[in-house]
Every structure is written in C-alpha cells, then in structure tokens.
Amino acid sequence: MIPDYLESLARELDFDRSLSRCVRQEVEDHLWEAVAADATGNTPQAQQRAIASFGDARAIAAQFAVVSLARHTRRAAVAALLVIAGDLIAMKARVAWYATAQLAITDDMSALRGLVISIDRHAFWMSVIIGLGALAYIHSREIPAAFYPAYRRQLRRFSLLCRATASALVVSVLSDGLLTALQLRGMELSMEIWVAILTMAIEIACVGVLLLHIRRMTVRAASTAALVKT
Amino acid sequence: MLKGHLDMIVLAALAAAGSAHGYAVIEEIKRRSGGAFDLPEGTIYPALHRLEQAGLLKSTWTTADSGRRRRVYSLTRTGTRALVERRAVWKQFSDAIGGLLGGNRPRETPA
C-alpha cells in the first residue's frame, strides 16, 4: 500500500525528477515511521491510516509544484545574468583577438558599422539593466505557499522582464554577427576567421540557453497551473 | 487561518526540537499544540522545502536506525531571526484580539 502511494506521489512530481526522488525518500521515511508508531503494528490498516493522515498525493504534489516553480524562476533570473556575462566575455575575447591578430578594421561602410555598434551597445546594456531588474524583482518576493493570483501576476511580470532581456540580447548578438561579417568579409578561411566564428557561436549558444530557461519556466508554470486546477 | 501561520508553526517546532526530520516536526507540533492542529501531515513537507529555499532552514541527509535515508532540518540564523520577528508580531496581534474579545485593554507597548 505504501509503495503504491509513493509511486503515485513520485508520478505526480515527475515534472521535477530530482525533487520527485528526494520527496519520495522523505515521505517513505515518514510513512514507515508512522506505521511503526501505530499501536496495531505493521498492518494494512496502519499503512492506510498513515497514508490518510499524510493527505492526497495530488494535492501535496501541487504544493511542491509551486515551490519547484519558485526555485526555477530564481534560477532563470541568475541564468539570465550568467548568459549576459558569457556573451560579454565572448564579445571582448573576439575584439581582443582582432587586436592580437592585427586585423585591420576596414574604412569602408564605416557609417553602417557605427550604426550597428551603437545598436549593439544600447541593446547589450538594456539587457543588463532589465536582467538585473528581473533578478531584483524575483528575489525581493516571498516564495508563495500556493499558486495564488498575486503569484501568477508576479510570474507574468517576471516572464515579461526575462523576455525583454532575451530580446535585447538577441538584438545585441545579431548586431555582433553583422559586425563580425563586416570584419571578416573577403577573408580566406584561416585561424583568424575560426576564432571569430567560435566566439559568435558562444554568443548564440548563450542566448539559446536563456531562451531555453524561459521556455522551461513557461512550461513549468503551465503544468503547475494545471496541477493546481485539478 | 492555520495555513496562514504554518511557517511560524514549523519554525517554532524546529526551534524547540533543535534539528528534526519531517515526522518529528509534525510530532512536535502535535505535542506542543495538544493535538489542536488537524492538518494533512503531507502539507508540512512543501512548507519545509519552501522555508529551506527562503534560507530560513537548512537540511542534511542522514541514515536512520531503520536504514532509511532521512532528511533532517534545522533553523538557520535567518530562520531564528524570522521566528523572533514573527513571535513579536503574533504577540501584538494576540494581545489586541484578546483585548477586543475579553474586554481587557491590550498591554501598552513601551515607547
């Protein structure tokens, strides 16, 4: 009876595998201790009483889902800043490489280059500011006990901030891509080109990680809402 | 009503017990409240996880005498401070309600 209950609880918590494993162990310890403390000993009735006192697996999973969602949103905020830092390092590394390899900056298309650099700079710093705002916002809020309407509003605001951060970063990376293309156009495949392409790939991967976090957070919020509703 | 004060109840039980696993926290709550709180026991666990995430509790995994893995919780310094604050707020609230219901004047708070 207890193994069946644990199985159903673990299934309900399947949206977060590590949480599911950890909760299963904790609840298993709890239920068997409750059975051991029962006057009738280890009987089916004692197991049934322990499970009944513990509560409905789905209702408990719904409460855990809110805790898990809160943890993931905080992680997403930290990930956004790490991604921005990664992007900055890749960008600086590429510029440093141009200097080391003594790649001359061509004078033609300087007007376009100037415009793209300006867009890049503004978009990047906008992503930093909004990302910091998102982190400050989510960390200044208490972790809710349930999926309250106020918490849903918080999540919507936070999600909006994360999307704005990602959008600004995408613009910055696209600008970097264009600048890199301008820098490397006409050059033959060489070490210089591959280093620049590698740093661009790192920037794109960074943005991809952020978008993945945002998507996971959205999916998690939807599954929590569904679990709470039923 | 009880759910609104669950965090304070859990913190108080852990402060009394020192460090304890979920089952012991529940037993401590039952013992100290004279069995007044009839809450599904499973509700305590999400609260423990939430409080740990908020930095009010810390936990370690140990092995119980039964050989099962056991998660033991204890208060952090932040948790102890939070409990002191919540106790003060609760005392103020309880005095005020006591004054209203019992007709007694609530105790004056020192200036």
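This is a short tour of chain B, its helices and the side that touches chain A.

Before you click, note that the model is predicted: local features need pLDDT of at least 70, side-chain atom pairs count only at pLDDT 80 or more, and totals for chains, interfaces and linings use all residues. Residues are numbered from 1 along each chain as its sequence is written, chains are lettered from A and ligands numbered from 1 in the order in which they are written, and side-chain values use heavy atoms, with hydrogens and water left out.

**Stop 1: helix α2 of chain B**

Select residues 22-33 of chain B, which make up helix α2. Helices here are DSSP runs of H or I with at least four residues, strands are runs of E with at least two, and both are numbered from the N terminus. Try a ruler on the helix ends: the end C-alpha atoms are 17 Å apart, which agrees with the 16 Å that 12 residues should span at 1.5 Å a residue. That expected span is 1.5 Å times one less than the number of residues.

Now colour by burial, where buried means under 20% relative accessible area, exposed over 50%, and partly exposed in between (1.4 Å probe, protein chains only). In α2(B), the buried residues are B:G22, B:Y23, B:V25, B:I26, B:E28 and B:I29. They pack against α2 of chain A, and also against α1 (6-17), β1 (19-21), α3 and β3 of chain B. Just past the helix, look at B:G34, which has a positive phi, near 65 degrees.

Zoom in on B:E28. Is this residue buried or exposed? It counts as buried, at 12% relative accessibility. Leaving aside neighbours within four places in sequence, B:E28 is in contact (heavy atoms within 4.5 Å) with B:A13, B:A16 and B:A17.

**Stop 2: the B:K30 to B:E41 pair**

Stay on α2(B) and pick B:K30, then B:E41. Their side chains meet in a salt bridge at 2.9 Å, N to O; the term covers a side-chain nitrogen of Lys or Arg within 4 Å of a carboxyl oxygen of Asp or Glu. B:K30 sits in α2 and B:E41 in the loop between α2 and α3 of chain B, so the pair ties together parts 11 residues apart in sequence. B:K30 is partly exposed at 35%, whereas B:E41 is buried at 9%.

**Stop 3: helix α3 of chain B**

Next, select residues 44-53 of chain B, helix α3. Eight of its 10 residues are buried, including B:I44, B:Y45, B:P46 and B:H49. Beyond α3(B) you'll meet B:G55, with a positive phi near 85 degrees.

**Stop 4: B:R71**

Where does B:R71 sit? In strand β3 of chain B. B:R71 is buried, with a relative accessible area of 10%. Two partners are worth showing as sticks:

- B:E52, in helix α3 of chain B, meets B:R71 in a salt bridge at 2.8 Å, N to O; the pair ties together parts 19 residues apart in sequence.
- A:E26 forms a salt bridge with B:R71, with the closest N and O atoms 3.6 Å apart. A:E26 counts as buried, at 4% relative accessibility.

For a sense of distance, measure from B:E28 to B:R71: they are 43 residues apart in sequence and 16 Å apart in space, C-alpha to C-alpha.

**Stop 5: the whole interface**

Pull back and show both chains. How many residues of chain B are in contact with chain A? The contacts involve 19 residues of chain B and 25 of chain A. The area buried between the chains is about 2,100 Å², and carbon and sulfur atoms give 58% of it. Buried area here is the accessible area (1.4 Å probe) that two parts lose on being put together, summed over both. Highlight B:Y23, B:R50 and B:Q53: these supply 30% of the area that chain B buries against chain A, more than any other three residues.

Turn on the charged pairs next, and the count between chain B and chain A is four salt bridges. On the side of chain B that touches chain A, the elements giving two or more residues are α2, α3 and β3 (69-75) of chain B. The most comes from α3(B), with five residues.

For a last selection, take A:D29, A:E33, B:R68 and B:R70, which salt bridges with shared partners join into one network.
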